[in-house]
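Trainee: I have a model open on my screen and would like to take a close look at a single part of it with you. Could you walk me through chain A and what it touches?

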Amino acid sequence: MSVLTKDSPTSRSRAAFVGLFGLCAAIFAGPAGAAEKAAFLLPGSINDQSWNAQGYQGAEKLKAVGWDVAYTENVQVADMVEALRDYARKDYKVVVGHTGRFLSAMERIGPDFPKTLFIVGSGSAGAGTNVTSIDYDNTQFGFMMGVLAARMSRTGKIGSVNSLEGLPNVVAQVGGFRKGAKSVRPDIEVKVIYIKSMEDAAEAKEAALSLIAGGADFISGKLNAGQTGIIQAAKEKGVYANGRSFGHSEIAPDAVLTNIVEKWSDMYSQTAQEQAKSGGVGGKYVLYGLNTPGSTGAELAYNATQPLNPAVPASVANELDALKGKFKDGSLKIAVNREDAHGGI
Amino acid sequence: MDLMMIADLAAATVRISTPLLFAALGGLLSEKAGTFAVGIEGMMLAGAFTGAISAFVFGNVALGFALAALGGAATGSLLAFATARCRADQMVTGLAVNVLVLGLSSFLLRGLFGGRAPVIRLTPPGTWPLPWLSEIPVMGPVLFRQSAIVYLAFLLVVPLTLFLTKTRAGLTLRAVGENPEAAFAAGYDPIRIRMIAIVAGGALAGLGGAVLALQEVGSFTDGMTNGRGFIALAAIMVGRWTPVGAIAGCLIFGFVSALELRAQSWGLPVSSYVMQMMPYCLALALLAGVSRSARLPAAIGVPFIRH
C-alpha cells in the first residue's frame, strides 16, 4: 500500500517547526479548517499508462489545489470492502474507487459512513445518500465516432469490436456509434461483434479481421488491452480505426483517425470539489459530457495538438465541430437502448 | 455463404489454431512420457513474455522466438524438477506454475523497466508466400501466404510423429509413460526422460505463446494467453494423444472460434454470451464423447519411485 501522506522520517525539530508553523497559520488564517481529504483506490498500477494512470491523475489534480490525498494501488475485488472501510474510518471526505466493480462494495458499506462520499469511476448507478457513480457521456462520443466512421468509409460498411454486451457504458458507446453512423448515412451497414474479454488483444484482432473480411473499413471499439488488437488488424489491412490513447495513434499513425481520451482527472476533481463546496452530490449517477460544466468527460484527440488525423478532410472535421456545438448547447440529445447496441448488423 | 467467405473462415481457422498447435504438441510430449501438461498455460505465457521482451530489447523478432522457446523451457524445467524429481502432485504443481507465471510476468514487466511497464511495439514478421501453392485460386492466397512460424507449426507434426513411432528415443519416451518400471529395468532412467520431455514440451508451448505476442498482437499484455493453454490441453485429449489428432483438435477449436465471431453477424436470436461459449461447449461435448474410448498413457500422473 503506498500512501502519499505517509509520515516521512522527519527529525523531531523539523516536526516541531512544522507544528509551530501550522499553529501560526491556523491563528492567522482564522477559522479555515484543515485541508479536505480524498483517497483513491485503483484496481491496478498507477504506472500502466492507461486506465489506472488516468485515474491517478485525479489524485494529482486534487493535490494541486490543496487537498490531502492518499491512494492505494492494486486493490483486488476481495479486498475492496476493507480498503474502503479503512479510509472511511479515517474520516476521508471523498473515497474514489476507479472501476465500476467498486459499486457493489460501496453500496454495502455506504450506509455505515454517511459523512463520506464514495465515488465509483465508470459506475452505472448511484445508491443511498452517499454513493455516486460518474462516467463520461459514452453516447455523445460514440455518436461522433459513428459520424466520423460513416463519412470516412468507402465501402459503406463499418464495424465495432466490444466486450460485455449489455453493460450500460458499452450500450451507450456502441449504440451511439450505430446511431451516429446511420444519422448521416442511413444505408450504412454497422456490424458489432462482442468478444469474451476486454483484455484479449489476439481475440480482438481476429474479431476485427473478420469484420474487415466482410468489407468493413472503419473499426471502432471500447476495449482495454484488447484495443491494441483492433489497431493492429486495421494497420495490417490498411483500414481505419479509433483508439483510446495517444499511444494507439503511435502504433498505427495512418490507421488511427482519432482517440476517445477520457478525462478522469477533471471528472474526479470536479465531483470532489463540488461535494466539498456545497454537498449534495451523493446518491447520483453523474455523466460528464460536452454539455456539462466543469469537464467534458472526454475528448477526441489524435495527439497532443491535433483532434483528428490529418487524413480526415476539413469538411468532416467541420461537421464534427458542429456536432460538438449542438451537444454543448443541448440542442442535440441522443438516447440509446440495448437494442441499438445489439451484436451483428 | 460464398467462396470468399469460406476462404476467409479457413484463413482465420489456421491463424487461431497455430498458437494452440505448438502448445498441444508440447503438451503431448510431456503427457506421452507420463506427466499431465496442466502447466501448459504458464509455459505459453512465459514464452509470450520472454519472446516479447527480448524482441523489444534486442530489436529482433527471430531472436524473440528463440528466447521464447527458452522461456517456456525454463518454466518447464521448474515443473520437471518438482514433479519428476521431487514427485510433487502433477495437477497442483501445474496449476501453481500457471499462477506463478501470470504474476511473475506482470511483475517483471514493470520491475525490469524501473517500475513502469514499457510500451512494447513490435512489427510482426512478414509472410512467406509458397511458390505454386499460393497461386491456387481462392484458397491458395489465404492458406499459403503465412509467416514462417505458421508453416513450422503444421510441419512439426511430421518429425514428431516419426519420432514417437519410429525412433528408439521416441519409443523409450512412450515406454516411460506406459510402464516406467519396465523402462527402468531395460536400463533407462525414467526420471531423466520425463524431465527432458517436459522441458522440450515447454519450449514448444513457449513458441505458441510467442506466436500470440510476436505474430498476432505485436506486444505483450498481462495474462495475454487467456486460457488458450487449457484449450490446447483439451485438443490433446480430443486428438487421443497423437500429433495428427492434436492438429485435428486444434483446427476444430480454431474453426469454431472463427465461426463464432462471424456467426454474430448472422442475426441469430442468440445472446453474444451464448455465442462466446461455443468453443468451450464443443470442447466439453467432444471430451465427453472421447472419454469413453480414451486411452491415456498408462502411467500418467504416477510418480516414478526407484526401488
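Trainee: To get started, what percentage of the 345 residues of chain A count as buried?

Mentor: Happy to help, and please keep in mind that this is a predicted model. Of those 345 residues in chain A, 50% count as buried. Chain A holds eleven helices and twelve strands. If you take its contacts with a separation of 6 or more, 67% of them link residues 24 or more positions apart.

Let's begin with the sheet. Six strands of chain A form an open sheet with parallel pairing, and reading across, the order is E2-E1-E3-E4-E5-E11. At the edges sit strand E2 (68-72) and strand E11 (285-288) of chain A, each of which pairs on one side only. From one strand to the next, the twist averages 20 degrees. As a reminder, the strands of a sheet pair through backbone hydrogen bonds, either parallel or antiparallel.

Zoom in on the end of the sheet that carries E11(A). Four bridges join E11(A) to strand E5 (residues 131-136) of chain A, and the two run parallel. Pick out Ile134(A) there, and you will find that its bridge partner in E11(A) is Val286(A). Packed on the sheet is helix H3 (residues 80-89) of chain A, which touches strand E1 (37-41), E2, strand E3 (94-97) and strand E4 (117-121) of chain A. The direction of H3(A) makes about 160 degrees with that of E3(A).

Now step back to the domains. Chain A is divided into domain 1 (12-121) and domain 2 (138-262 + 297-341). Taken over C-alpha atoms, the centres of these two domains of chain A are separated by 34 Å. Their contact takes four residues from domain 1 and four residues from domain 2 of chain A. On the domain 1 side, the residues are one nonpolar and three polar, with no charged residues.

Next, follow chain A to its partner. The contact between the chains takes 30 residues from chain A and 29 residues from chain B. On the chain A side, the elements that give two or more residues are strand E7 (189-195), helix H7 (201-213), helix H8 (227-237) and helix H9 (246-251). H7(A) gives the most, with eight residues. By class, this side of chain A divides into ten nonpolar, twelve polar and eight charged residues.

The largest nonpolar core has 181 residues, and those touching the most other members are Ala208(A), Ile219(A), Ala234(A), Ala24(B) and Ala235(B). Helix H10 (residues 190-217) of chain B supplies the largest share of this core, 18 residues. Domain 1 and domain 2 of chain A both give residues to the core, so it lies between them. In soluble globular proteins, nonpolar side chains tend to be buried together.

Two alanines of chain B make good places to rest your cursor. Leaving out residues up to four places away in sequence, Ala24(B) touches Ala232(B), Ala235(B), Ile236(B), Ala246(B), Gly249(B) and Cys250(B). The other, Ala73(B), belongs to helix H3 (residues 61-85) of chain B. Ala73(B) is buried because 24 other C-beta atoms lie within 10 Å, where 20 or more are needed to count as buried. Beyond its neighbours within four places in sequence, Ala73(B) is in contact with Val199(B), Gly202(B), Ala203(B) and Gly206(B). Ala73(B) and Gly202(B) are 129 residues apart along the chain, yet their C-alpha atoms are separated by 4.4 Å.

Terms used. Residues are numbered from 1 along each chain as its sequence is written. Chains are lettered from A and ligands numbered from 1 in the order in which they are written. This is a predicted model: local features need pLDDT of at least 70, side-chain atom pairs count only at pLDDT 80 or more; totals for chains, interfaces and linings use all residues. Two strands pair if DSSP finds at least two bridges between them. Axes are lines fitted to C-alpha atoms, for helices over the stretch in contact, and angles run from 0 to 180 degrees between N-to-C directions. Two residues are in contact if their C-beta atoms, placed from the backbone, lie within 7 Å. A nonpolar core is a set of buried Ala, Val, Leu, Ile, Met, Phe, Trp, Tyr and Cys residues joined through C-beta atoms within 7 Å. A residue is buried if 20 or more other C-beta atoms lie within 10 Å of its own, exposed if 12 or fewer, and partly exposed in between; C-beta atoms are placed from the backbone. Domain bounds come from an automatic or database domain assignment. Ala, Val, Leu, Ile, Met, Phe, Trp, Tyr, Cys and Pro count as nonpolar, Asp, Glu, Lys and Arg as charged, and the others, Gly among them, as polar.
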